[in-house]
Amino acid sequence: MVLEVALSSTDDVTLYWRNELGQWVKLNAGDGVAHTQWPVLDRFPLFKLSQDTAGPTEYYMRVAHQRTPFSAPLQIYRDTELVAQRQIEHFFLGGYFGMLLLVSLVCVGLSVVMRDNTFLQYLIYICAIGTSQATYTGLAGQYLWPNASAWANSANFFLPGLGLVVGMWFVRTVTMPRVYLPRVDQLALLFIAIQSINCVMELVYPTLWGFYVLTAMSLALALIVYTIAWYGWTRGDVGVRWIAMGFLPVVLGLMPVILRNMGLLGTNFLTQYGVTLGSAIEMPLLLYGLVLRASARRESRARTAGLPTQDALTGLSNMRDLLTHIHGAMTRAKRYAQPYGLILVEMQNYHWFDKEHGREISDRALVLLGTRLQLVARDVDTAGRIDATHFVLLIEGPCKPGYAAKVAARIAAGAHRPTDLLPVGSSMKLRITCALMPDPEALELGDDANAQLGWLVACSESLPDEPRKSIRTLNF
């Protein structure tokens, strides 16, 4: 038979009884005693009940526990029952710390692949959570510092307090309340400062007031995270929503601990493992939210990096980049006597989309046209947007008349392909003009790419409109 005091952070537990000779026997366990000197090596104070005497034995227990209310249940197990209980607990805790290790490795990999330091910050956060949970559940005292009784007692307050500091720092980093909730951000900074001082004082001069501050800071963390999570949810940002959802399980798991520290709730399963369960639920949710956030930031950086050469709306080459490619094609055509093709595409019903359905639909039509141009372009070709409604496809040489006409026909066919992006019954109305360059009748343009492009636009506008013919050719 064994007697368990189901609270790993108990300061000192002493068990007394008389043996068959009438002599008092004393056993000690708790944070005030090194784990290697406990009568049974376990994460909880555990005592084997003596069966040396023939009759019943009276046991006396003295519990010395400072600062936190003591309400740990006393459990008596048979040896087989204790083994079964520990197997269940170790399975649960092993799964938790295994998940923590796996998420840590994933964070390292994602920080390298996505080049985002937020994943390393998340790694620091989950390591702080994991260390505080290892301390709170007694595993750290049993395996990490079994001979450091003084540190084991301080760690029960210092490491959870440090975890609160790291948690608030991480919440503030990934949700950025300074942008939309500046007062809440100021409260978060005040929280970090006060709790950091409290952690230092816990190591230097632990007091009862330090425990009160730790409890108050836990409650403040819960309120601040709830506020940030609620506002992040109302903003509608998918990444922020997942991050907000990720924090809530830990905050909910923290509430039973706060109530226990305030003397309103006894030690039970939720006070022991609520934060552990909450962080186990949190890790995949928060990791997914961070991946969404990193993907959005990466796309934004890519768009920003491409602004000097890309059209901001369609992602095609802008005027400057297109002219650079045309100049290169002109140089190669002159050197190798191989013509290249220019196809000018005008969306004629852009203003109709804008007037009848609004700017969003008209812009959507432009993006759709840009996508269709990219689909017909080869890797060596260049599709660009030169003004609000005109696009140009540069077909690198050697380009034959038949191939240019074929590409133009594919562009025209793509304009009438059904799509859910445009209003029902509507499609893009295009006017397409093809030319092989350099044009023998426009040799005076020389090597001026801008002049050649202007010549193509001017010739296209000078051609008469033919309602039944959307593709026109200039010089073939």
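Here is a short conversation about the cavities and helix 1 of this predicted model.

Colleague: Happy to look at this with you! How many cavities of 30 Å³ or more does the structure hold?

Modeller: Good place to start. A cavity counts here if a 1.4 Å probe fits inside but cannot get out. With the volume cut-off you mention, the structure holds three.

Colleague: Which residues are closest to the centre of the largest cavity?

Modeller: That cavity has a volume of about 550 Å³. Its lining is made up of 34 residues. By class, they comprise 18 nonpolar, 14 polar and two charged residues. Closest to the centre are Tyr136, Pro160, Ser218, Leu254 and Val257.

Colleague: Which helices each supply at least two residues of that lining, the one of the largest cavity?

Modeller: Let's go along the chain. Helix 2 (118–136) and helix 4 (149–175) each do so. The others are helix 7 (208–235), helix 8 (238–261) and helix 9 (269–306).

Colleague: And how many charged residues are in the lining of the second largest cavity?

Modeller: This cavity holds about 70 Å³ of space. Among the residues lining it are Asp31, His35, Arg43, Trp145 and Asn156. By class, the lining has three nonpolar and six polar residues, and the charged ones number two.

Colleague: Now helix 1: how far apart are its end C-alpha atoms?

Modeller: Helix 1 covers residues 79–113, which is 35 residues. At 1.5 Å a residue it should span 51 Å, so the distance in the model agrees with that expectation: 50 Å.

Colleague: Which residue with a positive phi follows helix 1?

Modeller: Within the helix, buried residues include Leu82, Tyr96, Cys107 and Ser111. After the helix comes a residue with phi near 55°, and that is Arg115.

Note on methods:
Residues are numbered from 1 along each chain as its sequence is written. This is a predicted model: local features need pLDDT of at least 70, side-chain atom pairs count only at pLDDT 80 or more; totals for chains, interfaces and linings use all residues. Side-chain values use heavy atoms; hydrogens and water are left out. On a 1 Å grid over the protein atoms alone, a cavity is a set of points where a 1.4 Å probe fits but cannot get out, and a pocket is an open set with protein on both sides within 12 Å along at least five of seven lines; lining residues have an atom within 4 Å of a point. Grid points are joined across faces, edges and corners, and a volume is the space filled by probe spheres set on the points. Helices (H or I, at least four residues) and strands (E, at least two) are DSSP runs, numbered from the N terminus. Ala, Val, Leu, Ile, Met, Phe, Trp, Tyr, Cys and Pro count as nonpolar, Asp, Glu, Lys and Arg as charged, and the others, Gly among them, as polar. The expected span of a helix is 1.5 Å times one less than its number of residues. Buried means under 20% relative accessible area, exposed over 50%, partly exposed in between (1.4 Å probe, protein chains only).
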